[in-house]
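Q: I'd like a close look at one part of this model, please. Could you take me through a pair of helices, step by step?

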Amino acid sequence: MRVCRRWKDIAVSVCELWSFLNIRCYQVSADRIMVRRGVLRGFTTWFSRAQARPLSMTLCLPRETRGNVKTEELDISAVLPRLWRLELRYRGCGPPISSGTYLPLLKCLTISLGDSELEAVLKHAPLLTELSWSRLSAGDLDFRWFTSSMLTKLELGRGDQKVSATQFISILENFPSLTDLSFCVDLQAFNTRPPLTFPNLQSLTLNYHFLQLRELNHGVPPIPPIRLLDLVTLPHLVRLHCTSPLRQDVLSAFISRSACAVRELECQFYDYDTVHRPFQSDVLESDIWGSLSLCPSVETLDITLESDITFFLEGIDTEKKKYSRAAPLLLPALQHLTITYSGTTACKTRINYSDIIDIVRRRREDTETPALKSLHIMIDESTEWDLYPGDTLAAEFHRLISGGLDFTIGSDKKVVWP
């Protein structure tokens with residue numbers, strides 16, 4: 001805009017540039033959201049340049065609110081009918097979407113609302129297909145009051161609303177077009193029932209933290225979230241994310257029944273039942289190999305391990321090993337791999353980078369399997385961790401990187417090498 005008049009005229013005439021806007025807000029009380037003075041006039045001018053295009057807006061709170069900021073109360077009611085996407089990245093208050101507000105173009109919504117407010121939104125947003133919802137109401141949630149034949153993607157905020165087995169089925173029944181579902185699992189109760197078929201669901205994320213698994217149901221082994229697969233047949237599932245241990249018996253029955261080809265898998269392997277028995281690494285390693293052998297179509301794998309990394313990588317090695325369980329090859333379609341190394345093993349055990357280099361090189365050179373395109377190793381350790389490759393091995397990794405391998409090592413969720 002400030003280069004020259006010619007550039008400014010071109011920018012103003014391109015309405016696509018003015019149909020997206022992020023606004024930083026300030027929360028001054030439980031029910032009031034403010035913005036810096038002049039913002040309301042500014043976004044009116046901004047969106048006017050979008051002409052008749054549908055609009056996208058993101059509202060977020062900064063981490064810190066600086067003092068002496070002149071503010072005015074936020075009001076977006078005038079643009080609500082023009083929004084195709086609205087993302088409210090804060091909880092607990094406005095801007096309100098009143099029960100009578102018609103949202104004719106809204107397709108994507110991220111919001112924190114109470115039950116009655118969400119029910120009204122679903123009724124007045126006929127095109128809504130993607131919803132990320134953090135619940136503000138207390139008490140049990142009855143999904144029978146929420147229904148939509150248009151919704152294809154539903155994400156329930158982590159920790160805001162735990163979904164029971166009964167609610168899981170209600171969601172799938174009330175949103176028959178759903179292709180993508182993500183929620184936090186309630187493990188308090190589980191009743192088996194004949195599996196129901198939901199042909200549209202393609203992506204399922206079952207969230208839970210292993211510490212909560214270990215703390216639940218003292219005296220009784222916890223119910224793993226993966227057991228929800230006992231209740232459904234999903235013939236078109238291609239993406240499964242489960243932030244808790246897999247179970248071979250559950251996974252085997254589900255895949256056999258559904259005949260689905262899972263291409264993207266996120267899973268964690270740790271001994272969640274150490275409350276009732278000592279940690280058993282051999283049992284854990286057997287479970288890893290057994291579970292992954294059931295998923296030969298996986299192309300992208302994000303796996304969290306408490307066992308040795310090299311042991312796992314031997315499963316995808318093309319070289320025949322003396323271990324019988326290394327044949328046939330695990331994950332023959334694998335192209336993208338992320339390994340998170342956690343637990344006491346990550347703190348004490350040095351990674352065998354030499355073996356990793358050999359395995360990766362063989363996997364990339366093998367003509368009978370797709371090339372391994374990416375390998376990311378993440379150390380789940382918040383303290384300083386410096387067990388990185390030495391100079392000689394670092395040079396070997398750089399050769400692989402220059403040959404096209406996307407390779408990184410990270411610690412505490414940040415890439416630190418190379």
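Are α10 and α11 roughly parallel or roughly antiparallel to each other?

A: Sure, and keep in mind that this is a predicted model. Let's start with where to look: helix α10 covers residues 353–365, and helix α11 covers residues 391–402. Two packed helices are described by the angle between their axes and the distance between the axes. For this pair, the angle is about 20° and the axes lie 10 Å apart. Angles under 35 degrees count as roughly parallel, so α10 and α11 are roughly parallel to each other. There's a handedness to the pairing too: α10 passes α11 in a left-handed crossing.

Now, who does the touching? On the α10 side, look for Y353, S354, I356, I357, V360, R361 and R364. On the α11 side, find L393, E396, F397 and L400. Sort the residues of this contact by character and you get 7 nonpolar, 3 charged and 1 polar.

How far can you trust the picture? Across the chain, the mean pLDDT is 84, with 83% of residues reaching 70 or more. Confidence isn't even, though: among the elements, strand β14 (residues 232–233) has the highest mean pLDDT, 98, while helix α5 (residues 210–215) has the lowest, 52. Over residues 274–280 the pLDDT drops below 50, although that stretch still has 14 contacts in the model beyond near neighbours in sequence. Residues 322–327 also stay under 50, with 9 contacts beyond four places in sequence. Where pLDDT is low, the predicted coordinates should not be read in detail.

How values were computed:
Residues are numbered from 1 along each chain as its sequence is written. This is a predicted model: local features need pLDDT of at least 70, side-chain atom pairs count only at pLDDT 80 or more; totals for chains, interfaces and linings use all residues. Side-chain values use heavy atoms; hydrogens and water are left out. Axes are lines fitted to C-alpha atoms, for helices over the stretch in contact, and angles run from 0 to 180 degrees between N-to-C directions. Helices (H or I, at least four residues) and strands (E, at least two) are DSSP runs, numbered from the N terminus. Angles under 35 degrees count as roughly parallel, over 145 as roughly antiparallel, 65 to 115 as roughly perpendicular and the rest as oblique. A crossing is left-handed if the near helix is turned anticlockwise from the far one by less than a right angle, and right-handed if clockwise. Contact means heavy atoms within 4.5 Å. Ala, Val, Leu, Ile, Met, Phe, Trp, Tyr, Cys and Pro count as nonpolar, Asp, Glu, Lys and Arg as charged, and the others, Gly among them, as polar. pLDDT is the predictor's confidence in each residue, from 0 to 100.
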